[in-house]
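Have the sequence and the 3D view ready. We will go through the fold one piece at a time.

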Amino acid sequence: TRTDRPAMSVIPTSPTPSPHQAAQRLAQIERARRAVLFRECDVPGATAPWLERSWRRCLDLGLDPARPIAFDPVSAAATRSALDASQPLLQAAAPVIRSLSRAMANTRYFAILTDARGIVINVNGPVDASDPRATQIARVGVDLSERAVGTTAIGLALTDHQSVWLHRGEHFFDANSVYSCAGAPIWGPDGRCVGMLDLTGVQVSEQPALKHLVTHSARSIENALALAQPHALLLRLNWPGRMLGDDSDGLVGVEEDGLIVGLNRPAADMLDIPAGVPPGHCGSYLAASVDALFDAAQQQAPATEVPLWSGLRLLVLAQSG
């Protein structure tokens with residue numbers, strides 16, 4: 001007997017804000033602008049503290065929201081210098097940025113990678129060559145720092161060192177109210193911010209989920225940077241009860257004498273190492289001898305719980321470099 005398959009149901013597309021919801025969102029942003037930028041009304045808590053801080057920094061710089069804005073490139077020599085200094089970042093980011101095209105298919109968002117100063121060093125994705133609003137920012141060498149172009153996801157990520165989502169009028173300059181963007185800082189293996197990853201669209205539907213995507217993409221780049229740092233021993237860290245083997249792992253590269261030569265941001269957070277502080281010796285954090293860690297790697301021992309001097313415990317997998 002033949003069993004007929006049921007007709008394939010139509011998979012609903014992900015919900016998008018209704019025109020009314022979109023209009024309400026833009027009206028809320030406009031009220032916040034009037035309250036903070038133009039002091040026309042008093043709206044307590046009109047916007048997020050980090051966004052208001054950026055707007056006020058721009059005002060303190062003497063910037064005028066109504067001023068026409070030019071997206072100026074730095075000099076050719078400065079562009080070459082930025083590209084040369086960013087080669088490790090560019091190499092680590094290349095496969096991650098290529099994969100973004102699948103996640104952002106049909107959204108009309110594109111990726112921008114900058115160095116720590118906000119200089120564009122890479123652009124990837126569907127940049128509309130006929131739209132100057134897209135092409136003027138999607139150019140290697142353009143300065144997209146907060147000082148140059150006001151509040152953007154790029155400037156906020158590099159200044160506040162956190163992932164952000166900005167929509168339309170949340171940008172400082174009126175001229176930038178056509179953009180929607182998500183940004184996340186990228187931390188180098190020395191614990192310092194080396195750049196940021198931005199996902200931008202022009203006159204597009206709001207996509208706050210891109211903040212999650214850009215955050216995880218930045219973490220993948222950080223992990224690639226940490227793994228590329230020469231090391232004799234690699235320590236994979238996570239909290240007890242968690243599985244090792246994904247991008248949430250802390251990564252610590254160690255020299256033969258136990259000095260930490262590189263780590264990613266999750267590892268720095270687990271070991272309570274502030275951003276930009278040289279990490280020093282792994283024995284300053286792990287209550288285990290360096291020799292024992294190297295022996296575990298040589299013997300390909302499974303992950304084990306290791307106490308920290310702080311009293312906490314971490315799941316640690318030691319692997320030969």
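Helix 4, residues 87-103, lies across strand 1, strand 2, strand 4 (179-187) and strand 5. Helix 4 runs at about 170° to strand 1. Keep in mind that this is a predicted model. Now find helix 7, residues 153-160. Helix 7 lies across strand 1, strand 3, strand 4 and strand 5. Its direction is at about 155° to strand 5.

Next, look at the sheet itself. Strands of a sheet pair through backbone hydrogen bonds, either parallel or antiparallel. Here the pairing is antiparallel. Five strands form an open sheet, and their order is 2-1-5-4-3. Which strands sit at the edges? They are strand 2 (120-124) and strand 3 (164-167), and each pairs on one side only. From one strand to the next, the twist averages 20°.

Strand 1 deserves a closer look. Strand 1 covers residues 109-115, and strand 5 covers residues 193-202. The two pair in the antiparallel sense over seven bridges. Thr114 stands opposite Met196 in strand 5. Strand 1 also pairs with strand 2, again in the antiparallel sense, over four bridges. There, Ile112 has Val123 of strand 2 as its bridge partner. Strand 1 and strand 2 form a hairpin, with four residues between them. In the turn, Gly118 has a positive phi of about 95°.

How many residues of strand 1 are buried? Seven of its seven residues are, so the strand counts as mostly covered, with buried meaning under 20% relative accessible area. In a regular strand the side chains alternate between the two faces of the sheet. Check both faces of strand 1. Tyr109, Ala111, Leu113 and Asp115 are buried on one side. Phe110, Ile112 and Thr114 are buried on the other.

Finally, turn to a pair of helices. Two packed helices are described by the angle between their axes and the distance between the axes. Helix 1 (residues 19-36) and helix 2 (residues 49-60) pack at an angle of about 45°, and their axes are 11 Å apart. That angle makes helix 1 oblique to helix 2. The crossing of helix 1 and helix 2 is right-handed. Which residues meet? Helix 1 brings Ala32, Arg33 and Val36, while helix 2 brings Glu52, Trp55, Arg56 and Leu59. Four of the residues in this contact are nonpolar, three are charged and none is polar.

Notes: Residues numbered from 1 in each chain as written. Predicted model: local features only at pLDDT ≥ 70, side-chain atom pairs only at ≥ 80, totals over all residues. Heavy atoms only, no water. Axes fitted to C-alpha atoms, helices over the stretch in contact; angles between N-to-C directions. Parallel < 35°, antiparallel > 145°, perpendicular 65-115°, else oblique. Left-handed = near helix turned anticlockwise from the far one by under 90°. Contact = heavy atoms within 4.5 Å. Nonpolar A, V, L, I, M, F, W, Y, C, P; charged D, E, K, R; others polar. Pairing = 2+ DSSP bridges. Buried < 20%, exposed > 50% of the residue type's maximum accessible area, 1.4 Å probe, protein only.
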